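Please report on the structure shown below. Cover its overall make-up, its cores, its surface and its charged pairs.

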Amino acid sequence: MTPLAEVALAFLRLGVTSFGGPPAHVAMMEDELVRRRAWVTRERFLDFLGATHLIPGPVSTEMALHLGRARAGMTGLVVAGLCFLLPAALMTGVLAWAYVRWGTLPTAGEILYGVKPVVIALVVQALWGLGRSAVRTLPLAVVAAASAASAAMGAHELLVLVAAGLAAALARAGGLSAVAVAPLAAPAALAAPSLAGIFGFFLKVGAVLYGSGYLLLAFLRADLVERWRWLTETQLLDAVAVGQITPGPLSSTATFVGYLLRGPAGAVVATAGIFLPAFVLVALSGPLIPRIRRSPTAGAFLDGVNAASLALMAVVGVQLGRAAIVDVWTLGLAAASAVLLLAFRVSSAWLVAGGALAGWLIHRFM
């Protein structure tokens, strides 16, 4: 099998099974592409992770782009990104069609009930494996602990990352939750949006959206609900819910919104708009990572960013764990998944599928 075919198949499978948000997506990529396939070393994987946190856009999508490029060049970057995004976009588009036709969303609570505990086990495994490479000195351990404490107290995550990088660089030389971005400027209008208008709006969002994917909700509400009144509050919340119950990045919510605004064509241009900046930024920034690593000071900065990235991932993992492990059944699923993952190296894709089946069975028969 050629490297490009490997990239396509790997990211199609990840695109279908990657539930749980960026920490879970990163965990699954580390398990599949670092531990199992050895496409890149843990150190290089961490460099990619740190770099994605310093540019706007969805972290898991940008990780897919970096890893695709590492395996099969620029063509691999494009193929990895498309294969990772298409399953979520297609599923979201189908749900949007059903929503427009019947006015309700198919329930997915039973499936997510079983998938979420599996996700927590994946996150813990990734943190353990990556942490040994990222936090390898006492100064980096201090940076990671301080970053986690700052994030837990609500510090701006971009500031946490930059401060961690500077602290690590200063230590080498011897010597806050998500970015709040001003609302996108646009003329007030109540007319139905054009395809160009939808594309332009989501292109701007994709170009400035730092931090948690949930910041997307704030952007959409400010403009699409309050300013332009193209969506209702209920429609917006339903769109975000679809982004949560489908695999892949939460930014696939844009597909649902685009469909509501202008049908299938709107879904296509909204999806293209929100993800295009990630492709461009990763393509431009990727070649700089080896140069940064070769510089002692810049490399130390990247080490600090890597340690802080894992700290942020740990904080989000704790938050996810509180929501996912709610009773003895979910606790058992998380523990069993951890054993299967660590002791028997069962594929994360099979674990997610097993968790979905277990959630359905528990609700039906227990």
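Of the 366 residues in the protein, 52% are buried. The model is predicted. Its secondary structure amounts to 15 helices and zero strands. The accessible surface is about 15,800 Å². Carbon and sulfur atoms account for 70% of that surface.

**Cores**

The largest nonpolar core holds 79 residues. Phe11, Met29, Phe45, Phe202 and Leu224 have the most contacts inside it. A second core, separate from the largest, has 14 residues. Its members include Leu140, Ala144, Ala151 and Val160.

Which residues does Phe11 touch, leaving aside neighbours within four places in sequence? They are Met29, Leu33, Trp39, Ala64, Leu67, Gly68, Ala80, Cys83 and Phe84.

**Helix α3**

Helix α3 runs over residues 42-53, 12 residues in total. From first C-alpha to last, α3 reaches 17 Å, close to the expected 16 Å. Nine of its 12 residues are buried, so α3 is largely enclosed by the rest of the structure. The buried set begins with Phe45, Leu46 and Asp47, and continues with Phe48, Leu49 and Gly50. Ala51, Thr52 and His53 complete that set. Phe45 is also among the residues with the most contacts inside the largest nonpolar core.

**Salt bridges**

Side chains of opposite charge can pair when their charged atoms come close. The whole structure contains eight salt bridges. Three of them are tabulated here, with the N to O separation.

| Acidic residue | Basic residue | Closest N and O atoms |
|---|---|---|
| Glu30 | Arg42 | 3.4 Å |
| Asp31 | Arg36 | 3.1 Å |
| Glu32 | Arg37 | 2.9 Å |

Glu30 and Arg42 form a salt bridge that links distant parts of the chain. Glu30 sits in helix α2 (residues 22-36), Arg42 in helix α3, and the two are 12 residues apart. Is Glu30 buried or exposed? Glu30 counts as buried because its relative accessibility is 0%. Arg42, at 22%, counts as partly exposed.

Asp31 pairs with Arg36. Asp31 is buried, with a relative accessible area of 0%. Arg36 is partly exposed at 29% relative accessibility.

Glu32 meets Arg37. Glu32 has 5% relative accessibility and so counts as buried. Arg37 reaches 32% and counts as partly exposed. Salt bridges with shared partners join Arg13, Glu32 and Arg37 into one network.

**A nonpolar surface patch**

A nonpolar patch of about 780 Å² lies on the surface. Val328, Trp329, Leu357, Trp360, Leu361, Phe365 and Met366 make it up. Helices α14 (328-342) and α15 (348-365) each supply at least two of its residues. Which helix gives the largest share of the patch? That is α15, with four residues. Met366 lies in the segment after α15. Its relative accessible area is 65%, so Met366 is exposed.

**Gly200**

Gly200 belongs to helix α8 (residues 195-208). With a relative accessible area of 24%, Gly200 is partly exposed. Gly200 and Val269 are 69 residues apart along the chain. Their C-alpha atoms are separated by 8.9 Å.

Methods:
Residues numbered from 1 in each chain as written. Predicted model: local features only at pLDDT ≥ 70, side-chain atom pairs only at ≥ 80, totals over all residues. Heavy atoms only, no water. Expected span 1.5 Å × (residues − 1). Buried < 20%, exposed > 50% of the residue type's maximum accessible area, 1.4 Å probe, protein only. Areas by Shrake-Rupley, 256 points an atom, 1.4 Å probe, with all protein chains shown as cover. Patch = residues over 30% accessible without salt bridge, like charges linked within 9 Å, V, L, I, M, F, W, Y side chains within 5 Å. Salt bridge = Lys/Arg side-chain N within 4 Å of Asp/Glu carboxyl O. Core = buried A, V, L, I, M, F, W, Y, C linked by side-chain atoms within 4.5 Å. Contact = heavy atoms within 4.5 Å.
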